[in-house]
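User: I am new to this structure and would like a close look at one part of it. Please go through that part slowly and explain the terms as they come up.

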Amino acid sequence: MNTTKYLTALENSICKLHQLPNPGPEQIFEVMAELCHVLRLGKVEVVIYDNEASECSGLSETHCFYDSGKACENICISKRIVVVDEKIIVYNIYSIDGEAEWTEEERNGINTFIAVLSTYSGKTRLVQLVHHLTFYDSDFNMYNLRQFMKCAQILCKTRRIDQFTAVRFNFKHFSVVNQNIGRENGTLVMKKFISFIDDILDDENELICRVGGDNFLTLIKSEKLQAVLDILNGTGVIYDEIRNERIFISATVGVYVLKDIDGVILPTDIMDRVSLAYQIAKNTSQEDVVYFNDALLARRKHNNEISVSFPKALEDREFLVYYQPKVAIDGRHIAGAEALCRWMHNGQLVPPGEFIPVLEQGLDICKLDFYMLDAVCKDIRRWLDSGMNIVRISVNLSRRHLSDIDLLKHIIEIVDRNNVPHEYIEIELTETTTDVEFKDLKRTIGGLQQAGFSTSVDDFGIGYSSLNLIKEMPWNVLKLDKSLLPDECDESPIQNGVMFKYIVAMAREMGLECIAEGVETKEQVQLLADNKCNLAQGFYFDKPLPVEEFETRLDKSYIYNR
């Protein structure tokens, strides 16, 4: 570092401390953390001995004063100071692995840093400072996860935990909020929202803490649960007082009610169980609030079994391709098909709803998608070689792929390895809601188009930004979600019929091929015909078929007579 710049930063940090008349722990840490960063410190460890006898016997309290978050294994400077009340403070300074050695100016600065810190080395004051660093989130000036675990441990030991409920939540679509009102306003909104919950908490053992990002945990008296859920289900938050502008914020929530507990429970059990409920709420679109119960434990065990079984099942090719025909309304012949995955495990067919959501929680779903694409390409190549009638096959890709910058290369490699013309493959992707995913999706769709693949947007009509999705993306095919089709149980069939009519008209006007999925009745088929939506997929014509049965449908003379 430039010496002048370094000395100026050091002087500024020290001056800040001297200018504070009665600095609190947060202010001290803020200044000292700046100084640690300037000095390129990896970690600062504070070891406190009550006296020399304690030091000789190794009885001490060890606190981490500062941690850069970088790898640092070696103590490069250790400074021992005896304070007025005979307590002994040892400062262990760690260097960052792989970085250049400290310059002479930096080493002098480290000694100055230790001298400044020793000003606050009275045990009470130092422990207060370290406590703040350990149990507070400095960005939001609120409790962190360590405080949650500490508080839960106290309640467990005193057998009062059964009066409380743990709640873990995450704000929904917060990246969209930041995009719409800016990150500064987004942070303001988050803090105000948290304050609404904090205002309800008045018991000394209740708390709300930040886990990280827009993830939070609360420990509340059980009778206050509904009041907290009322806020989490959706609350308007003002972010511009002058213009009285506000935004609606809601959350995905996991709840663990701790009453009627059998046996001993630990803070880690509480964290695991409320987190399990939260993860299920986050990974399913049906529920925003999920309560922990024993069935969730059984579900987690089942999910773990699926995750453990997956690698061997993939290796043994237990996953099968089923094809659901896409039927042309005007001729009742097969005009395409969607490849769907089925798992034949231990002699039984496992429904996709049991294993797909589990694999989607990690990158295993990407491995399965590429496996399916490869299997489809092998079938198409075989059909081509045998002179069969060929239709375009759509293959689903999870959103998990969108962060893969080499996705297009992987797709092309699989298709070309099987010597399949790109025109026979359609890549099907679902709608997305976040600004990051939107950009990745746009890049992916553009690349696929240039490579000669057809692309379709799945489940159109149920996402957060449907119209913007088709305005910004060069899709070939629009797959209309079955919720847009009126049925006999529909409370507003006329409204749905009007929506369907204009979406199809808009798609046709934009030059998009339009297909309705989930077609199950004669009336729905007639609606498609009336609105010139010429492709249908659903049980009215065919369920997903094993490859051998689907191949019988590929005969050019096969016509659906329904």
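Which residue in β15 does F319 stand opposite? Please describe strand β15 and what surrounds it as well.

Analyst: F319 stands opposite W343 in β15. Before going further, note that this is a predicted model, in which local features need pLDDT of at least 70 and side-chain atom pairs count only at pLDDT 80 or more, while totals for chains, interfaces and linings use all residues. Residues are numbered from 1 along each chain as its sequence is written, and side-chain values use heavy atoms, with hydrogens and water left out.

Strand β15 covers residues 334-345, where a strand is a DSSP run of E with at least two residues, numbered from the N terminus. Of its 12 residues, 9 are buried (under 20% relative accessible area, with exposed meaning over 50% and partly exposed in between, for a 1.4 Å probe and protein chains only), so β15 is largely enclosed by the rest of the structure.

β15 pairs with several strands, two strands being paired if DSSP finds at least two bridges between them. With strand β14 (residues 319-328) the pairing is antiparallel and runs over 9 bridges. The hairpin of β14 and β15 has 5 residues between the strands, and R332 there takes a positive phi near 60 degrees. With strand β17 (residues 393-397), β15 pairs in the parallel sense over 3 bridges, and here A337 stands opposite I393.

The pairing of β15 with β16 is antiparallel, over 3 bridges, and in it H345 stands opposite Q348. These two strands also form a hairpin with 2 residues between them, where N346 in the turn has a positive phi of about 50 degrees.

Strand β16 (residues 348-350) contains L349, which counts as partly exposed at 40% relative accessibility. Together with L320 and M344, L349 makes a nonpolar surface patch of about 220 Å². Such patches are made of residues with over 30% relative accessible area and no salt bridge (a side-chain nitrogen of Lys or Arg within 4 Å of a carboxyl oxygen of Asp or Glu), with nonpolar side chains (Val, Leu, Ile, Met, Phe, Trp, Tyr) joined within 5 Å and like charges within 9 Å; accessible areas come from the Shrake-Rupley method with a 1.4 Å probe, and for residues only the protein chains shown count as cover.

One further contact involves R342, whose charged end sits over the ring of Y322, 5.8 Å from its centre; this term requires NZ of Lys or CZ of Arg to be within 6 Å of the ring centre and within 35 degrees of the ring normal.

How values were computed
Helix = DSSP H or I, 4+ residues; strand = E, 2+ residues; numbered from the N terminus.
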